[in-house]
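User: Could you take me through this protein and explain the reasoning behind each term?

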Amino acid sequence: MTELLQHFSDWYLSTLSQGGYWLIAGLMALESTIVPIPSEVIVPPAAYLAHTQGQLSFVGVVFAATAGSWVGASVMYWAARLLGRPLIVRFGRYVGLGMAKIELAERWCTHYGPPGVFFSRLLPVIRHLIGIPTGILRMEFRWYALATLLGSLLWCSVLAWLGLSVGRHPELLAGSLHRFFALVLAVAGVLVVLYYLFVRRASARR
């Protein structure tokens, strides 16, 4: 997985100047579906390059990432709502959506509602899955869309701030974007730990 992410980062950095905001938005849309692309390797490097090279803007990176994340999450919602639970359960395992993950997301959605959708945008794993139970349970889309938009905006802003901070203090990484990727992946690792400590345990008690 580490090697795969390294290849992805090399490709991403080499094409970001050409792809610009559309590339950021497209990858974040995929990140909000079942495609396992960490947002931690999309937004911070873009904000880093926006500061160091000036081809992109900080605000533009945040808006592009937020828009892409919202679009991907909306696709997940409507796909789940139209397909229904039986089809999701039957075929989900072929794309990494086992019954345990679906039930976990359903428990989270049922208990926390729209505020849970907002906070789910800040957590790994559940961030990618929350559109499925909300669609299956037919949560009112306007509340889902608003919670997703605000949560995505907050998350993308935090990631972009991280990239901007490193761009302002290049001595932290000695100019190495590969070390930068290592840093953001370490942050992602901390979030994974928080996910298992908070989401898994909270859901297991219900």
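Analyst: What follows is a short set of questions about terms and the values behind them. This is a predicted model, in which local features need pLDDT of at least 70, side-chain atom pairs count only at pLDDT 80 or more, and totals for chains, interfaces and linings use all residues. Residues are numbered from 1 along each chain as its sequence is written, and side-chain values use heavy atoms, with hydrogens and water left out.

User: Why is Ser32 called buried?

Analyst: Buried means under 20% relative accessible area, with exposed over 50% and partly exposed in between (1.4 Å probe, protein chains only). Ser32 has 1% relative accessibility, and therefore counts as buried.

User: What makes the pairing of Ser32 and Arg121 a polar contact?

Analyst: A polar contact is a pair of N or O atoms within 3.5 Å, where, within protein, one must be able to donate a hydrogen and the other to accept it, and residues adjacent in sequence count only if both atoms are side-chain atoms. The side chains of Ser32 and Arg121 are joined by such a contact at 2.9 Å.

User: Which residues does Ile42 touch, leaving out those up to four places away in sequence?

Analyst: With contact meaning heavy atoms within 4.5 Å, Ile42 touches Phe8, Tyr12, Ile24, Leu27, Met28, Glu31 and Ile37.

User: What makes a group of residues a nonpolar core?

Analyst: The term describes a set of buried Ala, Val, Leu, Ile, Met, Phe, Trp, Tyr and Cys residues joined through side-chain atoms within 4.5 Å. The largest one here has 27 residues, of which Tyr12, Leu16, Ile24 and Ile42 touch the most other members.
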